[in-house]
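Here is a short walk through one protein chain. Keep the sequence and the 3D view side by side as you read.

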Amino acid sequence: MPRFSVIVPVHNVRGFLRECLDSVLRQSYTDLEVIAVDDCSPDGSGEILDAYAARDPRMKVLHLPQNVGLGRARNAGMPYATGDFLLFLDSDDTLTPGALRAIADRLEETGDPDVLVFDYARTYWWGGTRRNGLAHLLTGRSDTFTADEYPEVMDLLMVVWNKAYRREFVEREGFAFPPGYYEDTPWTFPVLLTAGSIALLDRICVAYRQRRQGNILSTTSRKHFDLLDQYERVFTFVGSRPRLAGWRPYLCHKMGEHCLDVLAKPDRLPPEDKAEFFRRTAGLFRKYRAAGPVPAELRVLEGTWAGYRVRQQAARAVRALGERGQPVRAAAAVRVRSAVSFVHEHRSLDPNLAVYSAFSHQGVLGDPAAVHRAARDLAPHIRAVWVVRPEQVPSLPPDIEYVLPDSPDFRRVTARATYFVNNVNWPTTLVKRPGSVHIHTHQGTPLKYLGADLLGKPGARFGVDVPQMLRRSDRWDHSLVANRHSELVWSRAFPCRFTSLRSGSPRNDVLVNAKPDSGAEVRARLGIPDGNTVVLYAPTRRDYRRGGYVERFDLARFAADLGEGRTLVVRLHPSLADGPARGFGLAELHRRGVVVDATDEPHVEDVMLASDVLVTDYSALMFDYANLDRPIVLHADDWGAFTASRGAYFDIRADAPGHVAHTYRELAWLLRSGAWKDEESARLREGFRARFCEFDDGRAAERVVRMLMLGEPDVPAVPAPPPAVSAEAPLESA
């Protein structure tokens with residue numbers, strides 16, 4: 001008997017069917033059966049199913065003699081299921097890699113609950129991906145519960161395919177799908193309300209395809225009246241079970257919201273049928289509503305269709321007025337800012353005022369933070385003001401003075417400041433005044449193309465205005481560099497009027513000056529056992545994939561392959577931290593203690609100090625990490641695709657900081673065998689350090705403050721070693 005029975009109803013999805021079936025049958029977890037129900041599909045989907053079944057004995061195909069619809073096709077497949085748990089997958093959607101393994105592990109961990117709810121991501125026809133906006137609810141309980149104990153579970157999307165159901169529970173309760181549209185509604189509400197135990201899995205297990213056309217719920221039809229019948233079935237079910245009576249007000253509220261949402265969508269109901277739909281919705285609401293005040297958003301259901309139309313027209317008029325008034329308000333704001341700027345620009349600069357920002361105002365971080373710390377010690381008379389976003393304010397140290405972007409305080413401070421320190425360009429609205437000193441720290445040593453070099457890489461510069469970027473860069477006075485490679489690249493990629501300062505990278509001072517126990521506090525905070533070898537995995541983003549996230553290998557497998565006494569710490573690229581990347585398994589693996597997710601650690605230097613070896617692909621983090629003189633392993637399995645889409649200034653495989661793995665098998669062997677720290681690794685690292693840690697001597701921040709803020713020209717410069725092999729000629733795309 002298999003662990004999972006995956007039921008796939010199929011109708012008119014020939015173009016997506018193979019991708020759906022492959023996503024299931026190629027899962028790393030193989031204890032499953034697939035029950036595919038050909039709902040009399042006229043497009044040849046049945047032949048595809050038969051071909052798959054002939055190749056894979058785990059596949060069963062049921063051909064229906066006539067089309068019965070999505071819900072009843074699922075019903076037809078259920079009697080053939082023999083698995084412990086049922087999963088339902090629509091034939092244009094897919095399971096994400098590793099989904100069944102994660103589901104199986106969570107079911108075992110929670111003692112086989114009646115229902116397991118997992119996460120999903122919408123994948124759009126134009127290439128975008130968006131995670132479920134209520135994913136945070138999946139972290140609300142770590143134990144099993146009932147809907148009464150954690151009612152928030154009912155706020156998640158009421159669909160059938162984001163859950164696993166214990167088959168014995170479904171059969172005992174006699175759950176089945178009704179005919180018609182919105183068949184998930186009278187299945188999901190009763191199932192969750194009846195379940196004696198529910199568990200949650202904070203992992204994206206289904207890619208929910210958002211088709212440009214062909215989605216039945218976006219078809220204009222009277223079939224949308226089925227929604228009213230489906231809610232009537234839900235209320236009938238609740239009425240048959242007295243213990244569920246307390247849920248009726250909630251369900252009435254959900255019904256009202258759902259029906260009004262369908263009514264408001266322009267592509268659902270025929271215009272001539274909308275009045276009838278409203279009246280039937282209002283009647284259903286009156287029938288089942290509870291005593292007491294009606295929520296504001298549902299009060300319209302107490303009125304008439306004419307009143308509803310008046311409110312809708314008024315709302316549209318307000319929106320239209322707002323849209324028409326927006327240019328006027330924007331122009332007025334520009335005039336006000338210009339007038340304020342004119343006043344401020346005629347005031348003298350304050351020689352003792354410095355403004356800092358890092359990573360687009362994300363906090364006191366990186367090179368600007370290191371310069372700020374040095375300035376507080378060496379130049380305490382210089383007032384420091386940070387520009388930070390509102391959401392970052394609660395996490396600021398108490399002694400940090402700050403302003404919010406584009407606020408009146410921001411304009412006052414930036415109009416008078418003498419020193420500007422940033423690792424990202426300032427906004428276009430900031431005018432550089434004569435006498436001000438703009439110090440650009442960058443964000444490390446460049447491997448991939450930046451600036452003007454992106455002009456030949458249209459995919460990599462998608463959404464990037466390179467000429468505008470260069471106009472902003474014209475404000476730079478000083479560009480900090482850690483090596484001559486960077487010096488040459490910046491002058492090529494940013495052909496602007498700045499002077500390079502061979503200062504080293506200020507944020508790397510802490511790495512250069514690290515003591516043997518420097519990472520102990522961080523290791524303890526991350527919960528890493530004493531004596532464990534810490535493997536830091538830091539992948540970069542890909543420009544050949546919209547959204548930038550590409551999972552190169554299974555993190556759980558890698559953590560297991562490392563063996564006992566090893567802890568895998570993962571730090572995603574900052575641009576991926578708030579997207580769906582962590583939902584594809586990282587968050588769940590962190591919760592279970594399989595890996596440590598250090599993406600949210602504010603200071604990447606701390607994470608580097610806590611590690612013993614870095615595993616990366618093409619992340620610039622390797623250039624900073626080399627200052628620790630600890631082993632580095634490269635995983636370069638898609639170098640050709642990476643360089644074709646983004647471009648690189650040299651072939652990192654030929655000038656690597658350590659061993660290079662071209663496949664996952666090679667990577668796992670390097671880490672498991674101990675070759676990652678052999679003599680060859682040390683030899684490669686020595687050459688890499690000589691070239692790319694050239695100016696990092698632990699005094700970079702001091703050097704910047706003394707030379708550029710205090711005007712001490714006699715500060716000893718970093719001695720220049722013999723020239724390294726030049727590799728500034730761009731690598732041709734593979």
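The text below starts with the whole chain and then visits single residues.

This is a predicted model. The chain holds 24 helices and 22 strands. Its C-alpha trace spans about 85 × 65 × 45 Å along the principal axes. How does the radius of gyration fit a compact globule? With 734 residues, such a globule would have a radius near 27 Å. The chain has 30 Å, which agrees.

Next, look at how the chain packs. Of the 734 residues, 54% count as buried. Take the contacts between residues at least 6 apart in sequence: 74% of them join residues at least 24 apart. The surface comes next. About 32100 Å² is exposed, and carbon and sulfur atoms supply 52% of that area. The chain carries 95 positive and 94 negative charges. The mean positions of these two sets lie 6 Å apart.

Now move to helix 6, which covers residues 185-194. Thr185 belongs to this helix. Is Thr185 buried or exposed? Its relative accessible area is 4%, under the 20% cut-off, so Thr185 is buried. Which residues does Thr185 touch, leaving aside those up to four places away in sequence? They are Pro190, Leu227, Gln230, Tyr231, Val234 and His258.

Ala195 sits in the loop between helix 6 and strand 9, which runs over 198-210. Ala195 has a relative accessible area of 3%, so this residue too is buried. Beyond residues up to four places away in sequence, Ala195 touches Asp114, Val115, Thr146 and Phe169. Compare Ala195 with Leu137. The two are 58 residues apart in sequence and 18 Å apart in space, C-alpha to C-alpha.

Turn to the cysteines. A disulfide is a covalent bond between the sulfur atoms of two cysteines. How many disulfides does the structure hold? The count is zero. Cys259 is in no disulfide. The nearest cysteine sulfur belongs to Cys252 and is 9.8 Å away. The cut-off for a disulfide is 2.5 Å, so a gap of 9.8 Å rules out this pair. Cys259 has 0% relative accessibility and therefore counts as buried. Cys693 has 9% and also counts as buried.

Two loop residues show an interesting backbone angle. Most residues other than glycine have a negative phi. Phe359 has a phi near 50°, a positive value. Find Phe359 in the loop between strand 10 (350-357) and helix 11 (366-378). Its relative accessible area is 28%, so Phe359 is partly exposed. His442 also has a positive phi, near 65°. This residue lies in the loop between strand 14 (437-440) and helix 13 (466-473). Is His442 buried or exposed? At 4% relative accessible area, His442 is buried.

The last stop is Phe650. Where is Phe650 found? Look in the loop between helix 21 (639-645) and strand 22 (660-661). Phe650 has 3% relative accessibility, so this loop residue counts as buried. Now find Gly283 as well. Phe650 and Gly283 are 367 residues apart in sequence. In space, their C-alpha atoms are 70 Å apart.

Note on methods. Residues are numbered from 1 along each chain as its sequence is written. This is a predicted model: local features need pLDDT of at least 70, side-chain atom pairs count only at pLDDT 80 or more; totals for chains, interfaces and linings use all residues. Side-chain values use heavy atoms; hydrogens and water are left out. Helices (H or I, at least four residues) and strands (E, at least two) are DSSP runs, numbered from the N terminus. The radius of gyration is taken over C-alpha atoms; the globule rule is 2.2 Å times the number of residues to the power 0.38. Buried means under 20% relative accessible area, exposed over 50%, partly exposed in between (1.4 Å probe, protein chains only). Contact means heavy atoms within 4.5 Å. Accessible areas come from the Shrake-Rupley method with a 1.4 Å probe; for residues, only the protein chains shown count as cover. Lys and Arg count as positive and Asp and Glu as negative; His and the chain ends are not counted. The place of a charge is taken as NZ of Lys, CZ of Arg, CG of Asp or CD of Glu.
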